[in-house]
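Colleague: Could you take me on a close look at one part of this model, the closed space inside it and the strands and helices around that space? I would like one connected account, please.

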Amino acid sequence: MLVNLHIVNLALIDELDVDFTEGLNILTGETGAGKSIIIGSIGIGLGGRYDTALLRDPEKDGLVELLFSVDRNLAEALAEEDIEVEDGEILISRRLTGGRSVNRINDSNVTVAKLKKVAEKLISLHAQHEQRTLLKAARHLELVDSYDKDIAELKNEVASCYKEYKQINDKLSSLSLDETERAKRLDYIQYEINDIESARLVAGEDEELEEVYRKASSAQSIAEITSKVEEFTGYDRDSSAGSQISMALREISSLTKYDAGAEELVNTLTDIDSLMSDFSRQLADYISDMEFDEETLVNVENRLNLINTLKARYGSSIEDILGTLDKLREEESSLMSYEDTIAELGKEKKALEKKLESASEKLSKQRKAVAKKLCADIAEAMQELNFNDVRFSMEFTKNETPTANGIDSAQFIISTNVGEEMRPLVEVASGGELSRVMLAIKSVVSEAVDTPTLIFDEIDVGISGITAEKVGATMHRLAESRQIISITHLPQIAALADTAFVIEKQVIGEKTVTDINRLDDEGRVMELARLLGGASVTDSVLETAREMLAK
């Protein structure tokens with residue numbers, strides 16, 4: 001259940017902190033006191049959209065934090081979403097700054113999509129605008145689907161079949177060419193295949209050619225450098241390093257006649273002479289390899305130009321070009337065996353059509369069975385809400401072609417009076433009736449999905465008297481197995497609260513702020529009297545308030 005709500009810097013709220021309890025939590029207050037701000041803030045905290053204009057002080061961050069207590073079963077369900085529950089609690093927070101938000105679950109940052117997915121397991125929020133969604137027929141089928149866990153598996157099967165079917169259908173559409181177009185396309189593909197094949201490309205050759213071209217185009221500079229090095233280090237001139245070292249070696253070798261200790265010097269200089277000799281041979285080989293004629297340079301340049309032209313047409317590397325060649329060959333094969341390919345794909349499409357239709361029919365059959373039970377349960381719940389002669393059902397129509405959601409279109413139909421024909425819900429329900437229908441649906445569906453917390457924002461719009469008492473009784477019954485948080489204007493509902501809160505707007509200094517306070521017994525009497533008598537709270541009104549609470 002929702003244990004604590006903390007709001008900072010939103011609309012008329014500087015900072016607000018409220019602890020909720022189990023059972024039925026009722027929020028009341030004067031019109032304009034800020035009740036919708038509190039419910040709206042909860043919606044934002046659960047991943048809803050927000051406008052930067054909501055920030056009370058645009059220079060500061062807004063914050064919504066919701067602390068939930070979580071039982072073992074719910075903790076296991078959250079673990080499937082990689083959310084770890086610590087000490088039986090989970091904290092959801094959204095920090096609002098400028099045009100973005102930072103979303104956290106416990107100590108981890110999460111996306112809005114992840115936050116919403118987790119929030120759906122914890123709480124169901126019925127805001128006033130949600131009644132309008134009840135007027136959308138597409139929403140009706142979603143309610144049926146949410147009422148039975150087996151439907152999810154059937155929907156996945158239909159969606160998978162539809163994906164396969166669409167892929168084959170798209171492929172067939174792309175191959176649907178007339179004979180002239182096919183011949184034209186085949187001719188062009190064969191031209192491209194020949195264009196690539198005639199080049200006889202080898203993976204990596206472009207890199208080797210570029211290296212050769214770089215050397216060949218710099219042959220003169222290389223020759224000048226190596227010639228100087230050969231002159232400095234060779235043996236052809238007496239002044240070269242190789243010749244000088246050889247002469248030095250002859251001289252120092254004669255030193256050993258006079259001093260045996262000079263042997264080590266002779267050995268060292270011998271090694272140096274050998275190294276110089278090796279270097280001279282390596283340099284000669286290098287110079288020989290660097291001899292490029294004009295024809296070699298032209299051939300390399302032409303080959304590179306060809307490869308770069310093919311890269312511009314078919315891919316950024318030789319590997320990409322060869323990959324394109326494979327695809328062109330595959331398309332060539334398909335076009336050359338066009339009739340066979342079309343026939344084979346047609347058979348595959350037909351088989352997938354049957355598979356999709358079968359899965360869709362299976363889903364439809366399950367939906368109709370579930371809808372029958374759902375509508376019966378909703379009708380029963382509506383009778384408890386003072387719909388005495390209500391009939392409630394669902395009307396199915398079959399779509400011409402299946403979609404990823406099956407073959408069904410459906411909408412709720414209703415009759416609230418004896419002898420009245422059943423008509424679409426969107427055509428007959430008044431505002432007050434819609435509120436009760438929504439409550440009936442919520443009460444039934446929440447039992448199926450086992451949502452631990454339900455929030456109702458003025459579910460009592462457009463009702464009064466006995467109907468209000470019955471709405472309150474339904475909410476009280478729901479609160480026996482889950483937490484209910486509701487805003488109301490009706491004393492009949494407020495009197496049934498397990499915990500009551502009053503929302504007030506106050507002027508502090510030069511600022512107007514919204515605050516919420518938990519009511520004690522006497523506070524409940526006074527607030528109930530206000531709801532009964534308005535500005536004129538007499539002794540008889542107070543007595544009536546006490547009697548209502550005593551019941």
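Modeller: Happy to; what follows starts at the cavity, moves out through the sheet beside it, and ends with a second sheet region and an open pocket. Please keep in mind that this is a predicted model.

Let us begin with the empty space itself. Rolling a probe the size of a water molecule over the atoms shows where empty space is left. Searching the whole structure turns up one cavity of 30 Å³ or more, and its volume is about 70 Å³. Its lining is made up of Ile26, Thr28, Ala494, Ala495, Ala500, Phe501, Leu519, Arg524, Glu527, Leu528 and Leu549. Three elements give two or more residues to that lining: β3 (24–29), β14 (499–508) and α19 (521–533). The largest share, three residues, comes from α19. Sorted by class, the lining has eight nonpolar residues, one polar residue and two charged residues.

Two of those contributors, β3 and β14, also belong to a sheet. Strands of a sheet pair through backbone hydrogen bonds, either parallel or antiparallel. Here six strands make an open sheet in the order β8-β12-β13-β3-β14-β15, with mixed pairing. Its edges are β8 (123–126) and β15 (511–518), each of which pairs on one side only. On average, and with direction ignored, neighbouring strands in this sheet are turned by 15 degrees against each other. At the β15 end, β14 and β15 run antiparallel and are joined by eight bridges; one example is Glu504, whose bridge partner in β15 is Asp515.

A good residue to zoom in on is Ile503, which lies in β14. Is Ile503 buried or exposed? Ile503 counts as buried because its relative accessible area is 1%, while the cut-off for burial is under 20%. Setting aside neighbours within four places in sequence, Ile503 is in contact with Leu27, Thr28, Gly29, Glu30, Ala33, Gly34, Lys35, Ile38, Thr514, Asp515 and Ile516. Among these, Thr28 also lines the cavity, and Asp515 is the residue that bridges to Glu504. The contact with Ala33 spans a long stretch of chain: Ile503 and Ala33 are 470 residues apart in sequence, yet their C-alpha atoms are 6.2 Å apart in space.

Two more of the contacts of Ile503, Lys35 and Ile38, lead to helix α1, which covers residues 35–45. This helix is mostly covered, with eight of its 11 residues buried. Those buried residues are Lys35, Ile38, Ile39, Ser41, Ile42, Gly43, Ile44 and Gly45. An α-helix has 3.6 residues a turn, so residues three or four places apart point the same way. After α1 comes Gly47, with a positive phi near 110 degrees.

Now for the strands closer to the start of the chain. Strand β1 (residues 2–10) is also mostly covered, as seven of its nine residues are buried. It pairs antiparallel with β2 (residues 13–19) through six bridges, and Val8 stands opposite Glu15 there. The two strands form a hairpin with two residues between them, and Ala11 in the turn has a positive phi of about 50 degrees. β1 is also joined to β4 (residues 62–69), again antiparallel and by six bridges, with Leu5 opposite Leu66.

From β4 the pairing carries on to β5 (residues 89–97): eight bridges join these antiparallel strands, and Gly62 stands opposite Leu96. β5 in turn runs antiparallel to β6 (residues 100–105), with six bridges between them, including the one from Ile92 to Ile105. β5 and β6 form a hairpin with two residues between them, and here Gly98 in the turn has a positive phi of about 60 degrees.

Finally, back to empty space, this time an open one. The second largest pocket holds about 300 Å³. Its lining residues are Glu469, Ala473, His476, Gln492, Ala495, Leu496, Arg524, Glu547, Met548, Leu549 and Lys551. Elements giving two or more residues to this lining are α17 (465–478) and α20 (539–550). By class, the pocket lining has five nonpolar, two polar and four charged residues. Ala495, Arg524 and Leu549 appear in the pocket lining and in the cavity lining as well, which brings us back to where we started.

Technical notes. Residues numbered from 1 in each chain as written. Predicted model: local features only at pLDDT ≥ 70, side-chain atom pairs only at ≥ 80, totals over all residues. Heavy atoms only, no water. 1 Å grid on protein atoms, 1.4 Å probe; cavity = no way out; pocket = protein on both sides within 12 Å on 5 of 7 lines; lining within 4 Å. Points joined across faces, edges and corners; volume = space filled by probe spheres on them. Helix = DSSP H or I, 4+ residues; strand = E, 2+ residues; numbered from the N terminus. Nonpolar A, V, L, I, M, F, W, Y, C, P; charged D, E, K, R; others polar. Buried < 20%, exposed > 50% of the residue type's maximum accessible area, 1.4 Å probe, protein only. Pairing = 2+ DSSP bridges. Axes fitted to C-alpha atoms, helices over the stretch in contact; angles between N-to-C directions. Contact = heavy atoms within 4.5 Å.
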